[in-house]
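Here are my notes on the model, set out as numbered points for discussion. They begin with the overall make-up and then turn to particular elements and side chains.

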Amino acid sequence: MSRIVCPTCSRPAKVCLCPLIRPVKNRVAIGILQHPSEVAQIKGTARIAQLSLSHCRTWIGEDFSEEESLRSWLQEGAVFLLYPETEGDDCRFYSIEEIRAEYPLKNVKVLVIDGTWRKAHKIMMSNPMLNKLPRIMLQPAKQSAYKIRKQKNSHSLSTIEAVYEVLSQLENDERGFKPLLTAFDSMVEQQLEFRPPLKQGKD
């Protein structure tokens, strides 16, 4: 017997995200480049952004060189890539304060890569146009609460945590974007409930 999958969030009914989602209006548009392996990932968090945000576009794949809709999206407004600094980068890095001072928020867009670090790096290497985009220097307010999936290091954030941080800082509205983290925290707790209890050691 096949399991029932929610047609809205594409997750099994018992871990459906829909009851956790609250609509969030964002002036700064979010674009997500999602690795195919993340689409059906039960622990993935990009779906929260996709379901919650009023301005959010997603493209799925590894090589986006032929994706005309993405090229059009990149050509409109001031687009910044949210990706950490790596060796050999030849692009300008902007702080949150610099972006807020230089650009009207309604014209600002942020592009996020959704995938493991290895697969996100593969997307970067497969799409030279991404290396030309200016990047955001993001200073998270706190460490990740992504307890259900291995992170690269203590400074790593899940996709939805990164989206929350960049939007709340750019739009200076922590409270307005809090529903993103509330849904994320509930999803994490939801997943933890399915983990087997730890075995107690013998006395």
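1. Overall make-up. The secondary structure of the protein amounts to 8 helices and 6 strands, and the order in which these elements occur along the sequence is β-α-α-β-α-β-β-α-β-α-α-β-α-α. This is a predicted model, and the remarks below should be read with that in mind.

2. Burial, surface and contacts. Of the 203 residues of the protein, 43% count as buried, while the exposed surface comes to about 11900 Å², with carbon and sulfur atoms supplying 50% of it. If one takes the contacts between residues at least 6 apart in sequence, 76% of them join residues that are at least 24 apart.

3. Strand β5 and its surroundings. How many of the residues of strand β5 are buried? The count is 7 of the 7 residues in the run 108-114, so the strand is largely enclosed by the rest of the structure. Both of its faces take part in this: Val 108, Val 110, Val 112 and Asp 114 point one way, Lys 109, Leu 111 and Ile 113 point the other way, and all are buried. A reviewer may wish to look at Asp 114 and Lys 109 in particular, since both appear among these buried residues.

4. Strand partners of β5. Strand β1, residues 29-34, runs parallel to β5 and is joined to it by 6 bridges; within this pairing, Leu 33 has Ile 113 as its bridge partner. Strand β3, residues 78-82, also pairs with β5 in the parallel sense, here over 5 bridges, and Ala 78 is matched with Val 108.

5. Helix α7. The 12 residues of helix α7, residues 159-170, should span 16 Å at 1.5 Å a residue, and the C-alpha atoms at its ends are 16 Å apart, which agrees with that expectation. Of these 12 residues 11 are buried, so the helix, like the strand discussed above, is largely enclosed by the rest of the structure. The buried residues are Thr 159, Ile 160, Glu 161, Ala 162, Val 163, Tyr 164, Glu 165, Val 166, Leu 167, Ser 168 and Leu 170. As general background, an α-helix has 3.6 residues a turn, so residues three or four places apart point the same way. After α7 comes Asn 172, whose phi is positive, near 50°.

6. Cysteines. How many disulfides does the model contain? The count comes to 0 disulfides: Cys 6 is in none, and the cysteine sulfur nearest to its own, that of Cys 18, is 3.6 Å away, where a disulfide would require sulfur atoms within 2.5 Å. The sulfur of Cys 16 likewise has its closest cysteine sulfur in Cys 18, at 3.7 Å, which is too far for a bond. Cys 6 counts as buried because its relative accessibility is 13%, and Cys 16 is buried as well, with a relative accessible area of 15%.

7. Aromatic pairs. The model has 5 aromatic pairs. One of them is formed by Phe 80 and Tyr 103, in an edge-to-face arrangement with 5.5 Å from centre to centre and 75° between the planes. Phe 80 lies in strand β3 and Tyr 103 in the loop between α4 (96-102) and β5, so this pair ties together parts that are 23 residues apart in sequence. The two partners differ in exposure: Phe 80 is buried, with a relative accessible area of 1%, whereas Tyr 103 is partly exposed, at 27%. Tyr 103 also forms an edge-to-face pair with Tyr 94, for which the centres are 6.2 Å apart and the planes are at 65°. Tyr 94 is buried, with a relative accessible area of 7%, and Phe 80, Tyr 94 and Tyr 103 together form one aromatic cluster.

8. Glu 97. Is Glu 97 buried or exposed? This residue, which lies in helix α4, is exposed, with a relative accessible area of 56%. Its C-alpha atom is separated by 9.9 Å from that of Met 137, a residue 40 positions away along the chain.

How values were computed. Residues numbered from 1 in each chain as written. Predicted model: local features only at pLDDT ≥ 70, side-chain atom pairs only at ≥ 80, totals over all residues. Heavy atoms only, no water. Buried < 20%, exposed > 50% of the residue type's maximum accessible area, 1.4 Å probe, protein only. Helix = DSSP H or I, 4+ residues; strand = E, 2+ residues; numbered from the N terminus. Pairing = 2+ DSSP bridges. Expected span 1.5 Å × (residues − 1). Contact = heavy atoms within 4.5 Å. Areas by Shrake-Rupley, 256 points an atom, 1.4 Å probe, with all protein chains shown as cover. Phe/Tyr/Trp six-rings, centres within 6.5 Å; stacked < 30°, edge-to-face > 60°.
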